[in-house]
Amino acid sequence: MADVKVEPPRTIDNVLQLLGTLGRYQLFQAVLLAIGNLSICFHLLNFVFIAQDAKEQCAVTPLYGNDTNTDYDKCDVTVQNTTTNVTSRHTCSAWTYGVKRDYSIVSEWDLVCGNVFLGRLPQSLFIVGQGIGAATVSVMSDKFGRKPFLVMSHVLTAGAGLALAFAPNIAAFSGLRLVNGIFQQGIVVTTYTMLMEAFPRSRRLEVATFNALSWSISTVLLTGTAYLLRDMDWRTTQLIFVSVSISVLLQIFFMGESLRWLITNKRAKRAFAIFKRAAKMNKVEVTDVPLPGIGLEKPSVELSSKKTKYMEANETETGKADVMYSCLDLVRTKFMLKICAVVWFSWLIDSLTYFSLYLTSSSLADDHYLNFFLNSLAEIPSGPLNLFVGKRWGRRVFFMFFHVQAGVCLLVATTIRALAVGQAASTAATVLAFIGKIGNSACFNAMFVYAPEIFPTNLRSAGMGSGSTAARVGGMIAPFISILADIAPWAPGTIFGVACLVTAGLNYFLPEPEGRELPQTIEDVKAWSKAPVKE
């Protein structure tokens, strides 16, 4: 073990740098968190494959006599009396499908025609559950710790996902999707929060890129798994999807608590234990090194009753008093309200566009599996683009540029599809839609990195949760976009394109976190300029 002389760290970022910006311990934690992306993906996007359309047609019901001509359509039967030449229309009461009955929930429970909204409802309720989880249960990780809440969310999400495979009807299935969404959101928020807290500012973009790539790989694996299971019934498919949650065992036994959270919340004993464990794994000597605010011999800090309710009586070694916040502090001041409003709107639009392109089977290609695979491929550049652009020009420029790219490409692709015909026009529209999807994926995935960077430590999960709640509103609307597309094919692309351009303009008002340590207080964020710090 190397004997390294070190100066006492004055900030939490110094502590992380002392351990090594890309040490073995931190990389191991990042891998454990990235494995969780597989579970997030398989629980979030599985609905695309277990609720596939089944090419329905009215079942033949010869109840109209021999002197009639009967035409069976998807949702009704047209009957023409050959004697009187009178035509009547009857609503279907039963259907036949181009697949076996238990192929998907659509074919098993006849979620077609008048029941088509019931077929979209489970995914919308899942998104509602995510919103509930983001606004409520995810805040628990700020109070009780990141790891316990993450593990609990994994276990409860797996339990709800397992129960889905045995749902007797659409009502039970929809209710379980709601529960599934509530606890799945705990995994999402806590995973990204822990990832950002594990590394110093100089390495956050690299780690974010790694995490984005792990998500992209997860979506590709989901596509391949679903394709291999394409002849299975939906219940078996769901059970196999849920089985990836066994990865939580790795997090239970090998993942450590967030050192940044432990230091901020004065958990001295556990903080020193994690610190020494990381140092040992990274082969760094840290004997008798104090941690900022919880030095080896410093008494515990008590809250002052004379000062404001947010200020602690003793000051840290940095000379700044630690601050404790409540969720209301997200909107208590104009400064934080402006940031939250832009984050909420951006996340809502990005989520609406992102999930609509996934859930609309013909958004890129006509083949269901090929379409999903193309959408998955469009995810891969998002991480490297964030690293390349964000490192050089900052997060704000990144978001503004790729929102413009997504908006322009989707608008042009929509115009070509509406006005032009032929193979060349179709190919051009598909290519533009793919490029637009790359821009949308880059913004959607990068927001999970950006949001933790601009909220103070004791508001980080609450800020992530509130932003993610806004995203769930967009995701909740997304399953119904295909119905709008059937009525007005040009409408979805137009809405997405215009909204992305508006979002690009709003992104100008966000602060720039590039090159800065994760903020501990709101005052830290206020002190930032709109230009990245060049190191």
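The largest cavity in this predicted model holds about 150 Å³ of space. Its lining consists of 15 residues, and those closest to the cavity centre are Tyr25, Gln29, Ala198, Glu257 and Leu259. Two elements, helix 2 (24-44) and helix 8 (170-197), give two or more residues each to this lining. Helix 2 contributes the most, with 4 residues. By class, the lining of the largest cavity comprises 9 nonpolar, 4 polar and 2 charged residues.

In total there are 4 cavities of 30 Å³ or more. The second largest cavity has a volume of about 110 Å³. Helix 2 and helix 8 appear again here, and together with helix 18 (423-454) each supplies at least two residues of the lining. The residues around this second space are Ile40, Leu44, Gln130, Gln184, Val188, Tyr192, Trp215, Phe355, Phe444, Asn445, Phe448 and Arg472. They divide into 8 nonpolar, 3 polar and 1 charged.

From the interior spaces the description turns to the surface. A nonpolar patch is formed there by Ile246, Leu249, Leu250, Ile252, Phe253 and Phe254. The accessible area of these residues together is about 580 Å². Phe254 belongs to helix 11, which spans residues 248-254. Is Phe254 buried, exposed or partly exposed? Its relative accessible area is 39%, and buried means under 20% while exposed means over 50%, so Phe254 counts as partly exposed. That value also fits the patch rule, because a patch residue needs over 30% relative accessible area.

How values were computed: Residues numbered from 1 in each chain as written. Predicted model: local features only at pLDDT ≥ 70, side-chain atom pairs only at ≥ 80, totals over all residues. Heavy atoms only, no water. Patch = residues over 30% accessible without salt bridge, like charges linked within 9 Å, V, L, I, M, F, W, Y side chains within 5 Å. Areas by Shrake-Rupley, 256 points an atom, 1.4 Å probe, with all protein chains shown as cover. Salt bridge = Lys/Arg side-chain N within 4 Å of Asp/Glu carboxyl O. Buried < 20%, exposed > 50% of the residue type's maximum accessible area, 1.4 Å probe, protein only. 1 Å grid on protein atoms, 1.4 Å probe; cavity = no way out; pocket = protein on both sides within 12 Å on 5 of 7 lines; lining within 4 Å. Points joined across faces, edges and corners; volume = space filled by probe spheres on them. Nonpolar A, V, L, I, M, F, W, Y, C, P; charged D, E, K, R; others polar.
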